Amino acid sequence: MLKLQPFMFTKDFAPMTLGAASDGAPFWLADPIDWAKNLMSGHPVGLMIVFALVELAIGFAIAYRPTVRYGLLACMCWVPFLWFFAEGFGGLASTTAGPLTGAPGASILYGLLAVLLWPTDRPGGSEAVRFVGARAAEIGWVGVWGLLAALCFRPANTAADAVSTTISGNSTGTPTWYTSLLNHAADLTRGRGAEVSITLGVLLALVAVSVLVNDRRVLRAGLVLGIVLAALIWIFGEGFGMPYMGMATDPDTGPLLAVVAIAFWPAAGSLIARSSPASAQTSASGVSAASTSRAPQEGSAA
């Protein structure tokens, strides 16, 4: 629906959005994005209508149970296109890429969720492991949150005013209460970019390794911490996806990171983890055998 905002149908849209995606990018990435920018500038109305219809179709297909697989498959096919041309690989090629600036990009998280939440009847410790298995799900989790943690330690993100500049840059066009909140946060973090970024990086690293610990309490603590950090990133770093100026194309990564964490929430009575249909059957067989062997003794005792 955001693609249907009036600004999207103007010739200024592509230079401001796709142009930003190519900033600081190497030539092999910047040149194709510039080509797409020129194409969009020449045909803003027709192309934007096509993009909006494609994404609406994907959304409705996912929401309608009989077509959910088609919708998720279409999402997987759509994501590389968006991630490359619209987001420039989530800005990862830029020296300033970091969690607070929307890296690694919303599109790649849509693709990850489309894979993790693929409908299946397989059992599993959480929704995220049912289709791909525990090991692949863990790799995806550690990859996403570990990358976010690593980006926090880049020199550009540990500069004295890096965090405060990012926060204050989200205040354009915002409501008074939100502007006040952002200005207060920018004042608190001014000159403390290194401390804030390093602390955020350490916390994100803890979230990344939490799924590797075979303990429900540690896992849940890591997931809750991930959701809290996703909310803080969304509020202060991404400005709720900056919808106030009528130029936002997506809600940004904050909500998607929270949804990923929810997908990993352990099912009742099981760990995320290292569980598989085979191990579940083995455990069930062991319990059954133990019950059978105890039955005569219990009867004799009675």
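Helices here are DSSP runs of at least four residues, numbered from the N terminus. With that in hand, the salt bridges of this predicted model can be placed along the chain.

The count comes to six salt bridges, and three of them are picked out here. Take helix α6, which covers residues 127-130 and holds both Glu 127 and Arg 130. These two sit three residues apart, about one turn of the helix, and they form a salt bridge whose closest N and O atoms are 3.2 Å apart. Both partners are partly exposed, with Arg 130 at 21% relative accessible area and Glu 127 at 42%.

Helix α2 (residues 27-42) has a pair with that kind of spacing: Asp 34 and Lys 37 are three residues apart, again about one turn. Their side chains meet in a salt bridge at 3.6 Å, N to O. Asp 34 counts as partly exposed because its 26% lies between the 20% and 50% cut-offs.

The next pair reaches much further along the chain. Lys 3, in the segment before α1, and Glu 55, in helix α3 (residues 44-63), are 52 residues apart, yet they form a salt bridge with closest N and O atoms 3.1 Å apart. Lys 3 is buried, at 12%, while Glu 55 is partly exposed, at 25%.

Now for a bit of empty space. The second largest pocket has a volume of about 280 Å³. Helices α8, α9, α10 and α11 each give two or more residues to its lining. That lining has 13 residues, with Leu 100, Val 196, Leu 200, Leu 232 and Phe 236 nearest the centre. It divides into 11 nonpolar residues, two polar and no charged.

How values were computed:
Residues are numbered from 1 along each chain as its sequence is written. This is a predicted model: local features need pLDDT of at least 70, side-chain atom pairs count only at pLDDT 80 or more; totals for chains, interfaces and linings use all residues. Side-chain values use heavy atoms; hydrogens and water are left out. On a 1 Å grid over the protein atoms alone, a cavity is a set of points where a 1.4 Å probe fits but cannot get out, and a pocket is an open set with protein on both sides within 12 Å along at least five of seven lines; lining residues have an atom within 4 Å of a point. Grid points are joined across faces, edges and corners, and a volume is the space filled by probe spheres set on the points. Ala, Val, Leu, Ile, Met, Phe, Trp, Tyr, Cys and Pro count as nonpolar, Asp, Glu, Lys and Arg as charged, and the others, Gly among them, as polar. A salt bridge is a side-chain nitrogen of Lys or Arg within 4 Å of a carboxyl oxygen of Asp or Glu. Buried means under 20% relative accessible area, exposed over 50%, partly exposed in between (1.4 Å probe, protein chains only).
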